Amino acid sequence: MMGSTANGSCDPSASRAGAGAVVDKDVDFANYFCTYAYLYHQKEMLADRVRMDAYFNAVFQNKHHFQGKVVLDVGTGSGILAIWCAQAGARKVYAVEATKMADHARLLVKGNNVEDIVEVIEGSMEEVTLPEKVDVIISEWMGYFLLRESMFDSVICARDRWLKPDGAMYPSHARMWMAPIRSGLGDQKMNDLESAMSDWYGFVEETENYYGVNMNILTKPFREEHEKYYLKTSLWSNLHPDQVVGAPIVMKEIDCLTATVDEIRIVNSTFSLPINIDRTRLSALAGWFDVHFRGSKQNPATCEIELTTAPSVENSTHWGQQLFLLHPALRVNEGDELLISFLMCRSKENHRLMNVDLTYELQQPSGKQLPAVNSKFYIE
Ligand SMILES: C[S@@+](CC[C@H](N)C(=O)[O-])C[C@H]1O[C@@H](n2cnc3c(N)ncnc32)[C@H](O)[C@@H]1O
């Protein structure tokens with residue numbers, strides 16, 4: 001039996017995309033889930049020490065949340081979080097996984113002698129029926145810049161159907177951050193674009209000389225295609241903290257216990273970023289996230305844990321940061337402020353990818369304001 005369709009996200013055969021279009025389940029499986037069925041991909045996450053330490057500490061330093069409790073692990077993957085919950089004393093753990101990784105999770109559960117506690121269920125969270133409500137929902141659902149992948153929809157669906165009224169979410173809170181950045185990556189990408197264009201011009205000339213067809217009419221779309229790829233697609237980056245040239249700001253906060261899909265479908269935020277380094281180049285904005293494990297109001301964590309993906313010398317994560325390149329780069333000074341209007345929506349073609357509409361305007365302490373620039377970006 002299927003559950004409720006709270007927030008429009010629990011329809012088992014289809015889900016709602018950003019613009020309201022219905023997402024085909026098979027297409028979603030081919031585009032999104034298939035990679036999670038591979039151990040090499042799960043291993044990338046399992047080898048991320050910052051991520052692993054945060055979840056490990058969140059569970060084992062808050063054992064009172066798990067001892068004798070019923071837990072649901074949404075998207076168990078290899079089963080690691082479910083196994084930890086069992087080791088921390090859970091009475092029962094339902095470990096739901098959409099892909100064939102469920103078979104490996106079952107093996108791992110058995111190999112670690114917790115098969116009496118952890119029940120691996122292969123299926124989509126939206127379709128699965130549990131025999132009881134749960135005390136805790138644990139999930140690692142975060143994508144690049146937090147919301148890419150839109151997996152939090154499935155956690156919300158699980159929460160609305162299966163979490164007891166006084167239950168706790170692990171993690172309990174999430175935040176999206178943004179900061180001004182100096183980086184050579186913009187120049188590098190511009191060079192890549194120019195070299196692709198010069199290659200294209202040679203190709204146009206040769207094609208005309210050898211085959212008698214003038215391809216020049218396609219120069220504009222070729223350039224647009226490459227601009228999208230090199231300049232307008234956000235870039236994964238592992239930034240050094242020295243590259244951050246102004247105070248980062250929180251642009252979105254999510255309470256995992258109460259958030260709705262409507263609240264996360266669109267991120268619309270206006271804010272200003274103060275520059276705190278003199279005579280530098282502002283060449284990008286960087287977005288990242290953190291999540292917190294604070295338990296619930298009725299049952300707070302004894303030890304709050306934070307998992308941050310901020311630029312770091314020693315504690316970088318596989319999520320890194322997402323860079324949005326500013327073209328051309330701006331010469332900035334301490335005291336300048338960048339006024340930002342940021343709008344992130346889901347892509348119409350694939351609700352797990354994001355489109356960003358960014359307008360920025362530099363304001364100098366003298367009151368002088370440079371003309372506003374609008375750029376579109378794709379988080380793919
Ligand atoms: C980021 S991985 C985390 C895996 C594991 N929990 C860990 O922390 O190592 C997310 C997992 O959730 C699964 N998943 C995503 N959406 C799901 C859904 N709606 N139902 C069931 N599994 C889902 C994916 O297939 C993937 O294995």
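Okay, helix H7, residues 185-211. This is a predicted model, so let's check that helix against simple geometry. H7 has 27 residues, and at 1.5 Å a residue it should span 39 Å; the C-alpha atoms at its ends are 38 Å apart, so the two values agree. Right after H7 comes glycine 212, and its phi is positive, about 70 degrees.

Next along is helix H8, residues 219-232. How do H7 and H8 sit against each other? Their axes come within 10 Å and cross at roughly 155 degrees. Angles over 145 degrees count as roughly antiparallel, so that's what we call this pair. And the hand of the crossing, left or right? For H7 and H8 the crossing is right-handed.

Now the sheets. As a reminder, strands of a sheet pair through backbone hydrogen bonds, either parallel or antiparallel. We've got an example of each here.

Let's take the parallel one. It's an open sheet of five strands, and the order reads E5-E4-E3-E6-E7. At the edges you'll find strand E5, 118-122, and strand E7, 163-170, each of them pairing on one side only. Going across this sheet, neighbouring strands are turned by 20 degrees against each other on average, if you ignore direction. If you want to look at one pairing in detail, try E4 and E5: they're parallel, over five bridges. Put your cursor on valine 96 and you'll see its bridge partner in E5, isoleucine 121.

Strand E4, 92-97, also turns up at the ligand. Together with helix H2, 39-46, and helix H4, 80-87, it's among the elements that each supply at least two residues of the shell. There are 21 residues around the ligand, and the ones that come nearest are Tyr36, Gly75, Gly77, Ala98 and Ser154. What's the make-up of that shell by class? We get 11 nonpolar residues, seven polar and three charged.

Okay, the antiparallel sheet. This one is open too, with four strands in the order E11-E15-E16-E17. Its edge strands are E11, 267-274, and E17, 373-379, and again each pairs on one side only. From one strand to the next, the twist averages 20 degrees. Inside the sheet, E15 (residues 337-346) runs antiparallel to E16 (residues 354-363), and 10 bridges join them. For a landmark there, go to leucine 343, whose bridge partner in E16 is aspartate 357.

Last bit: some backbone oddities worth clicking on. Which peptide bonds are cis? One of them joins tyrosine 170 and proline 171, with omega at about 0 degrees. Proline 171 is in the loop between E7 and strand E8, 173-181. Another runs from histidine 327 to proline 328, where omega is near -5 degrees. That proline, 328, is found in a strand, E14, residues 321-332.

And then there's phenylalanine 145. Its phi is positive, near 50 degrees, and this is a residue other than glycine. Where does phenylalanine 145 sit? You'll find it in the loop between strand E6, 134-139, and helix H6, 152-162.

That's my tour, over to you.

Methods
Residues are numbered from 1 along each chain as its sequence is written. This is a predicted model: local features need pLDDT of at least 70, side-chain atom pairs count only at pLDDT 80 or more; totals for chains, interfaces and linings use all residues. Two strands pair if DSSP finds at least two bridges between them. Axes are lines fitted to C-alpha atoms, for helices over the stretch in contact, and angles run from 0 to 180 degrees between N-to-C directions. A residue is near a molecule or strand if its C-beta atom, placed from the backbone, lies within 6 Å of it. Ala, Val, Leu, Ile, Met, Phe, Trp, Tyr, Cys and Pro count as nonpolar, Asp, Glu, Lys and Arg as charged, and the others, Gly among them, as polar. The expected span of a helix is 1.5 Å times one less than its number of residues. Angles under 35 degrees count as roughly parallel, over 145 as roughly antiparallel, 65 to 115 as roughly perpendicular and the rest as oblique. A crossing is left-handed if the near helix is turned anticlockwise from the far one by less than a right angle, and right-handed if clockwise.
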